Amino acid sequence: MALTDLIPIPPNMNTGLSSAKQLTMKALLGTPRGSFNDSCQPVTNAFLKSIIKTVDVGPFRVTGLVPAIDSLKEVLADIRQEQPEVFAVLGTEGMLCARFMRNSSNISIHSWGTAIDLKLDGMLDAPGNNKTQRGLALIAPIFNRHGWFWGGGFPTEDAMHFECSDQKIRQLHEAGAFNGAAGTLPPPSLSIGDRGQQVKKLQEALNALGESLVVDGIFGQGTHAAVINFQARNGLTPDGIVGSKTKAALGL
């Protein structure tokens, strides 16, 4: 079987990891630029620009956030040792890209340079079919081991995508990797722009209370409005942020 052959998404991926949260990224690193569209645009945030570099990481060059690149180098070193056939055909579609998420008006995590899209033997893995290239499935556990979240675990599968998890970003911050970062990190919360299984569960809980959201795991404008409505009805601050009190009220 070829490394680019498609197989079902393996179970038990991303255990203990969640995708990076917009509130975490904005509180720690700021917003990458003042406006976004569907195309890659330059980062204009001065602090963020100061810790973005272009580096050769072995099989390819990347432009991204330096602490994320340093972690990626460690991941790739393990892939080279444990999955040499995959390492030999690894390529990338890019790391830093300040833009909206695909088919969305939410900011992509690529905008901070902490996520990377990979291809094998020059072939991209098409998203949304609940399958993955076999080679990506082989290296996903290695990424997970280093605290990277695999996009194969998104409700709308995106198996070519790997990103520093929310837990990894917080760990890097605690270790002083983002020297000069502003502010204090907020508690883990869901907000507009987030995606993942936690958002899917939120949408299901809101639908059980009468909403009619598309359960796609993407925290967009509709989910944001539904959260505000729920908070207003239940004596909570109607800010559209799903923190501990809103989670408890929803039974999450």
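Guide: Two strands count as paired if DSSP finds at least two bridges between them. Keep that in mind as we walk through this predicted model.

Visitor: Thanks! Which residue in β5 is the bridge partner of Gly-91?

Guide: Lys-119 is the partner of Gly-91. In general, strands of a sheet pair through backbone hydrogen bonds, either parallel or antiparallel. Here β4 and β5 (residues 115-120) run antiparallel and are joined by four bridges.

Visitor: In what order do the strands of the open sheet come?

Guide: The order is β4-β5-β8-β7, four strands with antiparallel pairing. β4 (90-94) and β7 (148-150) are the edge strands; each has a single partner, so one side of each has no neighbour in the sheet. On average, neighbouring strands of this sheet are turned by 35° against each other, ignoring direction.

Visitor: Which strands does α5 lie across?

Guide: Helix α5 lies across β4, β5, β7 and β8 (161-164), and runs at about 150° to β7. Now look at the residues of α5 (134-145): the buried ones are Gly-135, Leu-136, Ala-137, Ile-139, Ala-140, Ile-142, Phe-143 and Asn-144. After α5 comes Gly-147, with a positive phi near 85°.

Visitor: Let's try another helix. Which residues of α1 are buried?

Guide: In α1 they are Gln-22, Thr-24, Met-25, Leu-28 and Leu-29. These residues lie on the same side of α1, because their arc around the axis is only 165°. Among the elements covering them are α2 (46-50), β3 (61-65) and α6 (166-174). Just after α1 you will find Gly-30, whose phi is positive, about 80°.

Visitor: And Lys-26: how should I read its accessibility?

Guide: The idea is that partly exposed covers the range between under 20% (buried) and over 50% (exposed). Lys-26, in helix α1 (residues 22-29), has 33% relative accessibility and therefore counts as partly exposed. Beyond its neighbours within four places in sequence, Lys-26 is in contact with Thr-31, Ile-107 and Trp-112. Trp-112 is 86 residues away along the chain, with 9.4 Å between the C-alpha atoms of the two residues.

Visitor: Is Thr-132 buried or exposed?

Guide: Thr-132 is buried, because its relative accessibility is 0%. This residue sits in strand β6 (residues 131-133). Leaving aside neighbours within four places in sequence, the contacts of Thr-132 include Asp-5, Leu-6, Ile-7, Pro-8, Ile-9 and Pro-10. Further along the chain, Thr-132 also touches Ala-137, Trp-150 and Ala-159.

Methods
Residues numbered from 1 in each chain as written. Predicted model: local features only at pLDDT ≥ 70, side-chain atom pairs only at ≥ 80, totals over all residues. Heavy atoms only, no water. Helix = DSSP H or I, 4+ residues; strand = E, 2+ residues; numbered from the N terminus. Buried < 20%, exposed > 50% of the residue type's maximum accessible area, 1.4 Å probe, protein only. Contact = heavy atoms within 4.5 Å. Axes fitted to C-alpha atoms, helices over the stretch in contact; angles between N-to-C directions. Arc of directions from axis to C-beta.
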